[in-house]
Amino acid sequence: MADPSGFLKHSRRTPARRPVPLRLRDWREVYQPFSEKDSRDQAARCMDCGVPFCHNGCPLGNLIPEWNELARLGRWEDAADRLHATNNFPEFTGRLCPAPCEASCVLGIGDEPVAIKLLEQQIADTAIESGGLTPRPAAVATGRTVAVVGSGPAGLAAAQQLARAGHAVTVFERDGRVGGLMRYGIPEFKMDSAVLDRRLAQLAAEGVRFITHCEVGVDLAVEDLRAGFDAILLATGATVARELDVEGRHLGGIHLAMEYLVQANKVVEGALERAPIDAAGKHVVIIGGGDTGADCYGTALRQGAASVTQLDIHARPPETRDPSTPWPTYPLMLRMSAAHEEGGERVFGVNSTSFEGADGAVTGLHLVSGTRIPGGFVPDEGTDAHLPADLVLLALGFTGPETTGLLDGLGVGLTKRGLIGRGDDYQTDVPGVFVAGDAGRGQSLIVWAIAEGRSAAAGIDGYLSEGSQLPNPLAPTAVALR
Ligand SMILES: Cc1cc2nc3c(=O)[nH]c(=O)nc-3n(C[C@H](O)[C@H](O)[C@H](O)COP(=O)(O)OP(=O)(O)OC[C@H]3O[C@@H](n4cnc5c(N)ncnc54)[C@H](O)[C@@H]3O)c2cc1C
C-alpha cells in the first residue's frame, strides 16, 4: 500500500546535471548522484493506482508501482528483484529511456508524473553497488545451441534469457567490442561504458560466449552458422542510414552521424588516438532533430566546435503536451536533451536544399523554411537562407537492416518496409531463424529492443523445447492492450 498522501507532500524532483562548463571538459555522465532520502521521497509520490497505466506505457510491462513502494520503504534489493522480473537491463533503460511510462503515469493527468526513470536507475544502481549482479546460471543444460547475431540490447536480452533457460548461447559481433549502439552510437556522457561492461561480465559468468570481430555472412559462412546451431536469432539492428540526396552531397566534410559517433566513441575508449572526423574549431551543422542528432550535438561541443547548429524539418513543438497526443499517449512536445543546454542552436521547420563547397570540401548549405507534410516539405516563398559549415552530420534516421551477406544467404523474407518479416513467435519465414530488435521492428528504442529480445527468446525456447516458461512481454495479447 503506497503512502496515500505522498504525492501531496513531495513535488517531482530529478537529479541535477553537472555544471555545463565542467561537463564540456570531459565525457563523464551528465547527471549528479541523487540521495537515498530524495529517492525514497520521489518513490512516495507513486499512488499505486487501481489501474496503473504506466505498466501499459512500458513495452516491458515493468511492475512500476510494486518497485516504487519497495523503494519508498528502502527495500532496495527487493525492489531490484521486482525490476529484474521484467527487465534484464534496468541500468540501461534507467539512463537512456525516454520513459513512455512517465507519459502515461496517472499522477501526470493533474500534476507532474512520478520520476519513474530516476527510480529505475536508483534501484538498479543501488542493487548493483551492493553486489546485486550475481550471475544466475541455469541449473540444468538443455544441450541445445543458439547463435545470436548482433550484440545490441535485443541480442543481449535474448542471450541472457536463453542462457538462463539452459541453452548454450554464442553471441557474434562484427565490431571489436560488444554492445551494439550502446557501445559505439550512444556517447559516454549519456551512459558510461563501465555500466555496460558490468552487465556483460554477468552474462559471461552465466555462460554466454561472445565472439567479436566476426561478421556473420563474411567471416563465418551462413552454411556453417546453420550447421553449427539449433536456432539462430538475428539481432543485427537497422544500420542502413537514410541519405540526403541533394546537390553537393559528395563534398568532403559531409558525413553520416554514425561515421562520426563511432570514431568519437573509439577515441574516448582509447581504441583510437585521433578521430579522422573531428569537430574541433569547425562550424558544425547537424541535419536531423532526433536522438542521434542530439548525440552528435553534445559530442561536437565536447570536441571544441566553433559553432553547432541542429536543423529540424519539423515545426518547433509546444513546450507542453500537444492536444493531439492526450494522456496516456506519448506526448508530442519539445524535448530538450542535456546537450541542448550546453550551447549551440536549434532551428526548426527548415529543409536543406543543397551544399556548396570549395576545393572539394563543404563550406556551407542552403535551406528554406516551410511546413513538413506527410512524405514531403512545402517551402515558404522567399525564405532561402545560407549557413556556413565545414562539418555537416546527417542524422536522418535509419531505413532498415543491411541485406547483403547474412540475410541474403539465409534467404529470410523482408516486409514492404525492408525489415525482416516474422510471425508472432518472432520466427522468420526460414524455420529456426528468429529476429528481434531494430532489424525486425525498424529503428526504435532500447526498451523495445530488450522487450523484443525477451519475446524472441520465449519463441526460440518454445521452438527448441515444448512449453517454454520464459516470459513474453510482447505476446499478441499483451500487444493488443497497447
Ligand atoms: C546515436 C543513437 C543514439 C540513440 N540513443 C538512444 C537513447 O538515448 N535511448 C534509446 O532508448 N534508444 C536510443 N537509440 C536507439 C537504440 O540504440 C536502438 O533502438 C537499439 O540499440 C536497437 O538495438 P538492437 O539490439 O536491435 O540493435 P543494435 O544496437 O543496432 O545492435 C546491432 C548489432 O549487430 C551487429 N551486426 C550487424 N550485422 C552483423 C553481422 N552480420 N554479424 C555480426 N554482427 C552484426 C552490429 O555491429 C551491432 O553491434 C539511439 C540510436 C542511435 C543511432
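Start by selecting residues 153-164 and 193-205: these are helix 10 and helix 12, packed at an angle of about 25 degrees with their axes 10 Å apart. (Helices are DSSP runs of H or I with at least four residues, strands are runs of E with at least two, and both are numbered from the N terminus; axes are lines fitted to C-alpha atoms, for helices over the stretch in contact, and angles run from 0 to 180 degrees between N-to-C directions.) Helix 10 and helix 12 are therefore roughly parallel to each other, a label for angles under 35 degrees, while over 145 is roughly antiparallel, 65 to 115 roughly perpendicular and the rest oblique. Their crossing is left-handed, meaning that the near helix is turned anticlockwise from the far one by less than a right angle; clockwise would be right-handed.

Now show side chains. Leu156, Gln160 and Arg164 of helix 10 make the contact with Leu196, Leu200, Gln202 and Leu203 of helix 12, where contact means heavy atoms within 4.5 Å. By type, that gives four nonpolar residues, two polar and one charged. (Nonpolar covers Ala, Val, Leu, Ile, Met, Phe, Trp, Tyr, Cys and Pro; charged covers Asp, Glu, Lys and Arg; the others, Gly among them, are polar.)

A word on what you have open: this is a predicted model, with local features needing pLDDT of at least 70 and side-chain atom pairs counting only at pLDDT 80 or more, while totals for chains, interfaces and linings use all residues. Residues are numbered from 1 along each chain as its sequence is written, and side-chain values use heavy atoms, with hydrogens and water left out.

**Zoom out to the domains**

Try colouring by domain: domain 1 is 6-129, domain 2 is 145-239 + 399-481, and domain 3 is 251-396. These bounds come from an automatic or database domain assignment. The C-alpha centres of domain 1 and domain 3 lie 30 Å apart, and 16 residues of domain 1 touch 16 residues of domain 3.

**The sheet with strand 1**

Next, pick out the open sheet whose five strands run in the order 3-2-1-4-16, with parallel pairing. (Two strands pair if DSSP finds at least two bridges between them.) At its edges sit strand 3 (209-211) and strand 16 (433-435), each pairing on one side only. Neighbouring strands here are turned by 20 degrees against each other on average, direction ignored. Select 145-149 and 231-234 to see strand 1 and strand 4, which pair in the parallel sense over four bridges. Val149 stands opposite Leu234 of strand 4.

**The sheet with strand 6**

There is another open sheet of five strands, in the order 6-14-7-8-9, and its pairing is parallel. Its edge strands are strand 6 (254-256) and strand 9 (345-348), each paired on one side only. From one strand to the next, the twist averages 20 degrees. Strand 6 runs parallel to strand 14 (residues 391-394), joined by three bridges; click on His255 and you'll find its bridge partner, Leu393, in strand 14.

Keep the sheet on screen and add helix 14, which packs on it, touching strand 6 and strand 14, with a direction about 80 degrees from that of strand 6. Helix 15 packs on the sheet too, touching strand 7 (283-287), strand 8 (307-312), strand 9 and strand 14; its direction makes about 175 degrees with that of strand 8.

Now look at the two helices together, residues 257-269 for helix 14 and 291-302 for helix 15: their axes come within 10 Å and cross at roughly 45 degrees. Helix 14 and helix 15 are therefore oblique to each other, and the crossing is left-handed. Ala257, Tyr260, Leu261 and Ala264 of helix 14 meet Thr292, Asp295, Cys296, Thr299 and Ala300 of helix 15. That contact divides into six nonpolar, two polar and one charged residue.

**Two backbone stops**

Most residues other than glycine have a negative phi, and most peptide bonds are trans. Go to Trp327 and Pro328, which are joined by a cis peptide bond with omega about 5 degrees. Pro328 belongs to the loop between strand 8 and strand 9.

Finish at Asp48, a residue other than glycine with a positive phi, near 50 degrees. You'll find Asp48 in the loop between helix 3 (36-43) and helix 4 (53-57).
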